[in-house]
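Grab your viewer and a notepad: here are a few exercises to work through. Try each task before you read its solution.

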Amino acid sequence: MFQKKRYLYLSEAEYSILVKSLVQLKNKLIQQNRFTDCVDELLLKIASSPTVKF
């Protein structure tokens with residue numbers, strides 16, 4: 001089955017907060033010796049996402 005696509009529109013401030021939060025989460029997972037694959041994938045998706053101006 002196909003999943004419905006969802007779009008997220010963020011301002012520059014929201015984008016910055018999102019990236020900082022994911023990096024902090026990744027650092028916590030590294031300290032706990034846990035896998036960071038999911039967070040890495042999210043960071044890559046966010047970094048490679050297109051920017052749209054309104």
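Contact here means heavy atoms within 4.5 Å. The model is predicted, so local features need pLDDT of at least 70 and side-chain atom pairs count only at pLDDT 80 or more, while totals for chains, interfaces and linings use all residues. Residues are numbered from 1 along each chain as its sequence is written, and side-chain values use heavy atoms, with hydrogens and water left out.

**Exercise 1. Find what Thr36 touches, leaving out residues up to four places away in sequence, and decide whether Thr36 is buried or exposed.**

Step 1: place the residue. Thr36 sits in the loop between helix 1 and helix 2. Helices are DSSP runs of H or I with at least four residues, strands are runs of E with at least two, and both are numbered from the N terminus.

Step 2: list the contacts. With residues up to four places away in sequence set aside, Thr36 touches Lys26, Leu29 and Ile30.

Step 3: check the accessibility. Buried means under 20% relative accessible area, exposed over 50%, and partly exposed in between (1.4 Å probe, protein chains only). Thr36 has 13% relative accessibility, so it counts as buried.

Step 4: look at one partner. Ile30 belongs to helix 1 and, at 46% relative accessibility, counts as partly exposed.

**Exercise 2. Work out which residues make up the largest nonpolar core, and which helix gives the largest share.**

Step 1: fix the term. A nonpolar core is a set of buried Ala, Val, Leu, Ile, Met, Phe, Trp, Tyr and Cys residues joined through side-chain atoms within 4.5 Å.

Step 2: name the members. The largest one has 5 residues: Leu22, Leu29, Val39, Leu43 and Ile46.

Step 3: assign them. Helix 1 (12-31) and helix 2 (37-47) each supply at least two residues, and the largest share, 3 residues, comes from helix 2.

Step 4: follow the contacts. Beyond four places in sequence, Leu43 touches Val19, Leu22 and Val23. Val19, a helix 1 residue, in turn touches Leu43 and Ile46 under that sequence cut-off. Val19 counts as partly exposed, at 25% relative accessibility.

**Exercise 3. Say what stands out about the phi of Asn33.**

Step 1: recall the background. Most residues other than glycine have a negative phi.

Step 2: read the angle. Phi of Asn33 is near 55°, a positive value in a residue other than glycine.

Step 3: add the setting. Asn33 lies in the loop between helix 1 and helix 2 and is exposed, with a relative accessible area of 73%.

**Exercise 4. Decide whether the protein is more spread out than a compact globule or not, and say why.**

Step 1: count the secondary structure. There are 2 helices and 0 strands.

Step 2: apply the globule rule, which is 2.2 Å times the number of residues to the power 0.38, with the radius of gyration taken over C-alpha atoms. The radius of gyration is 13 Å, well over the 10 Å that the rule gives for 54 residues, so the protein is more spread out than a compact globule.

Step 3: get the dimensions. Along its principal axes the C-alpha trace spans about 40 × 35 × 15 Å.

Step 4: finish with burial. Of the 54 residues, 11% count as buried.
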